[in-house]
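Visitor: I would like a close look at a single part of this model. Please start with one residue in a loop and work outward from there, step by step.

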Amino acid sequence: MAKKSSIAKNKKRAALVAKFSAVRDSLKKQLLDASLTDEQFWNLRRKLAKLPRNSSPIRVRNRCSITGRARGYRRWFGLSRLQLREMVSFGEIPGVTKSSW
C-alpha cells in the first residue's frame, strides 16, 4: 500500500490539471500561430510558465486503483501487476486467465 500522502498529492495534481487544462490548451494553441512576433511569443511563453507546475498533465502519476502502487501499473486494467495477478488467480476479472503450460 502506498503512502496516503503520495496518493493525496497525486489526486491534488489531477485536480489542478483539470482546473487549468483549458487555459493551458488555449496558450499552447496560440503559440503555434506562425504570425506571432518574437515579443508576443515570449509573452505567451511567460504566461504558460507562470501556471502552477502541477497543472501539467505529465506530472500526474498512474497509480493502482486498489493499493495506490505507482510501479508496474497496467493501463488496460487500472491495476498494478501484483493486484492484477491476484485478481486473475481468483477469477475476479472476467475473460482473463493465468497462463500455464
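Guide: In this predicted model, Asn54 is placed in the loop between α2 and β1. Its relative accessibility is 24%, so Asn54 counts as partly exposed; the label buried is kept for values under 20%. Setting aside residues up to four places away in sequence, Asn54 touches Arg13, Leu16, Val17 and Arg59. Phe20 is 34 residues from Asn54 in sequence, and the two C-alpha atoms are 9.7 Å apart in space.

The loop between α2 and β1 also holds Ser56. Here the relative accessible area is 17%, and because the limit for buried is 20%, Ser56 is on the buried side of that limit. With neighbours within four places in sequence left aside, Ser56 is in contact with Val17 and Arg24. Val17 is thus a contact of Ser56 and also appears among the contacts of Asn54.

Next come the two helices. Helix α1 covers residues 4–31, and helix α2 covers residues 38–50. How are two packed helices described? By the angle between their axes and the distance between the axes. For α1 and α2, the axes come within 10 Å and cross at roughly 160°. That angle makes α1 roughly antiparallel to α2, since angles over 145 degrees are given that name. The crossing of the two helices is left-handed.

Which residues make this contact? From α1 they are Arg24, Leu27, Lys28, Gln30 and Leu31. From α2 they are Phe41, Leu44, Arg45, Lys47 and Leu48. Sorted by class, the contact of α1 with α2 has 5 nonpolar, 1 polar and 4 charged residues. Arg24 belongs to this contact and is also one of the residues that Ser56 touches.

Another residue of helix α1 is Ala22. Is Ala22 buried or exposed? At 55% relative accessibility, Ala22 counts as exposed, because the cut-off for that label is over 50%. Ala22 and Val88 are 66 residues apart along the chain, and their C-alpha atoms are separated by 39 Å.

Val88 leads to helix α3, where it is placed. This helix covers residues 81–89, and its buried residues are Gln83, Leu84, Met87 and Val88. They cover an arc of only 130° around the axis, so they are on the same side of α3. The background is simple: an α-helix has 3.6 residues a turn, so residues three or four places apart point the same way. The partners of these buried residues are β1 (73–74) and β2 (79–80), against which they pack. After α3 comes Gly91, which has a positive phi near 75°.

Two of the buried residues of α3 can be taken separately. Val88 has a relative accessible area of 11%, so it counts as buried. Apart from residues up to four places away in sequence, Val88 touches Ile93, Val96, Thr97 and Lys98. Lys98 is 10 residues from Val88 in sequence, and their C-alpha atoms are 6.3 Å apart in space.

Gln83, also in helix α3, is buried with a relative accessible area of 15%. Not counting residues up to four places away in sequence, Gln83 touches Cys64, Ile66 and Thr67.

The last stop is Ser80, found in strand β2, one of the strands against which the buried residues of α3 pack. Its relative accessibility is 1%, so Ser80 counts as buried. Which residues does Ser80 touch, not counting residues up to four places away in sequence? They are Cys64, Thr67, Arg69, Arg71, Gly72 and Tyr73. Cys64 and Thr67 are thus contacts of Ser80, and both are also touched by Gln83. Gly68 is 12 residues from Ser80 along the chain, with 8.3 Å between the C-alpha atoms.

Definitions and conventions. Residues are numbered from 1 along each chain as its sequence is written. This is a predicted model: local features need pLDDT of at least 70, side-chain atom pairs count only at pLDDT 80 or more; totals for chains, interfaces and linings use all residues. Side-chain values use heavy atoms; hydrogens and water are left out. Buried means under 20% relative accessible area, exposed over 50%, partly exposed in between (1.4 Å probe, protein chains only). Helices (H or I, at least four residues) and strands (E, at least two) are DSSP runs, numbered from the N terminus. The arc is that of the directions from the helix axis to the C-beta atoms. Contact means heavy atoms within 4.5 Å. Axes are lines fitted to C-alpha atoms, for helices over the stretch in contact, and angles run from 0 to 180 degrees between N-to-C directions. Angles under 35 degrees count as roughly parallel, over 145 as roughly antiparallel, 65 to 115 as roughly perpendicular and the rest as oblique. A crossing is left-handed if the near helix is turned anticlockwise from the far one by less than a right angle, and right-handed if clockwise. Ala, Val, Leu, Ile, Met, Phe, Trp, Tyr, Cys and Pro count as nonpolar, Asp, Glu, Lys and Arg as charged, and the others, Gly among them, as polar.
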